[in-house]
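Trainee: I am new to this structure and would like to learn how its descriptive terms are justified. Could we go through them slowly, setting each value against its cut-off?

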Amino acid sequence: MSYEPPRPVRGLLLTPEDREAPARLHRLRRLGLVDRPAPTLDVFAGDLAQLTSAPYAMVNFIGEDHQFFAGLSAPAVVPVLREDGSRPVLGRVLPRDHGFCPHVVVRRKALVLEDVRDYPRFAGNPVVDEYGMHSYLGAPLIDSSGMALGTVCAADTAPRAWGRTGLETIKALAADLVVRLERSAADGLPP
């Protein structure tokens with residue numbers, strides 16, 4: 001019998017298993033929400049960023065192996081400086097194990113992280129080091145079929161006391177947005 005010492009781990013990176021992903025992807029396709037930016041969702045994300053005074057705001061749809069920001073408001077220059085002197089660019093696609101939205105979708109509950117580094121489960125997430133995200137506020141987009149399609153979220157590079165007001169706001173915005181998305185799909189309009 002051989003023994004391999006455990007690899008050093010900065011934090012626990014435990015992305016939850018997502019058994020609904022295939023059905024979600026099918027539903028997103030039917031709603032016309034798969035992997036394409038939507039100008040109206042960019043506006044929504046911009047309004048959310050202003051409302052929360054957060055540098056990052058997203059409307060995020062979760063697939064089987066990645067997540068897609070159909071709505072995105074992010075700083076032009078990411079505050080994190082890499083060892084080689086470059087700065088990362090936040091695009092519209094992230095691996096499924098990056099960030100906190102996959103947790104929100106699987107849990108089907110809003111998530112408030114005032115300082116991500118206080119939670120061992122989340123502190124080792126790549127978005128903490130790569131993009132400097134230290135606080136997060138997100139709520140699931142649960143449609144009329146009961147499917148969690150994705151999230152509406154805001155994130156900051158500094159710890160934030162989002163409070164009950166932040167939680168209630170993000171939940172209300174998510175509920176409102178999912179109604180708008182379904183109405184647009186029913187009318188054959190883009191989101």
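Mentor: Let us begin with a term that we shall need for the packing around one helix: contact means heavy atoms within 4.5 Å. Please keep in mind throughout that this is a predicted model.

Trainee: What covers the buried residues of α2?

Mentor: The cover includes β1 (56-62), β2 (66-73), β6 and α6 (163-186). The buried residues of α2 in question are L41, F44, A45, L48, A49 and T52, and each is called buried because its relative accessible area is under 20%.

Trainee: How do you know that the buried residues of α2 line one face of the helix?

Mentor: Looking down the axis of α2, one finds its buried residues within an arc of 140°, and therefore they line one face. On the other side of α2, P39 and Q50 are exposed, a word reserved for a relative accessible area over 50%.

Trainee: What span is expected for α2, and what does the helix reach?

Mentor: Helix α2, residues 39-52, has 14 residues, and from its first C-alpha to its last it reaches 20 Å, which is close to the 20 Å expected at 1.5 Å a residue. After α2 comes S53, whose phi is positive, near 55°.

Trainee: How does α6 fare when its reach is set against the expected span?

Mentor: α6 has 24 residues and reaches 35 Å from first C-alpha to last, close to the expected 34 Å. Its buried residues include G166, L167, I170 and A174, and the buried residues of α6 pack against α1, α2, β1, β4, β5 and β6. The residue G188, which follows α6, has a positive phi, near 75°.

Trainee: Why is the pair of R96 and D18 called a salt bridge?

Mentor: The term asks for a side-chain nitrogen of Lys or Arg within 4 Å of a carboxyl oxygen of Asp or Glu. The side chains of R96 and D18 meet at 3.9 Å, N to O, so the pair satisfies that cut-off. The pair links distant parts of the chain, with R96 in the loop between β3 (93-95) and α3 (101-107) and D18 in the segment before α1 (21-31), 78 residues apart.

Trainee: Why do R96 and D18 count as buried?

Mentor: Buried means under 20% relative accessible area; R96 counts as buried because its value is 12%, and D18 because its value is 14%.

Trainee: What makes E20 and R108 partly exposed?

Mentor: Partly exposed covers values between the 20% and 50% limits, and so E20, at 32%, belongs there, as does R108, at 31%. These two residues form a salt bridge, their closest N and O atoms being 3.6 Å apart. E20 lies in the segment before α1 and R108 in the loop between α3 and β4 (111-113), so the pair ties together parts 88 residues apart in sequence.

Trainee: Which parts does the salt bridge of D143 and R27 tie together?

Mentor: The side chains of D143 and R27 meet at 2.5 Å, N to O. D143 lies in the loop between β5 (135-142) and β6 (148-156), and R27 lies in helix α1, so the parts joined are 116 residues apart in sequence. D143 is buried, because its relative accessible area is 5%, and R27 is buried, because its value is 13%.

Trainee: How many salt bridges does the structure hold?

Mentor: The structure holds 11 salt bridges, and those that share partners join D18, R24 and R96 into one network.

Notes:
Residues numbered from 1 in each chain as written. Predicted model: local features only at pLDDT ≥ 70, side-chain atom pairs only at ≥ 80, totals over all residues. Heavy atoms only, no water. Helix = DSSP H or I, 4+ residues; strand = E, 2+ residues; numbered from the N terminus. Buried < 20%, exposed > 50% of the residue type's maximum accessible area, 1.4 Å probe, protein only. Expected span 1.5 Å × (residues − 1). Arc of directions from axis to C-beta.
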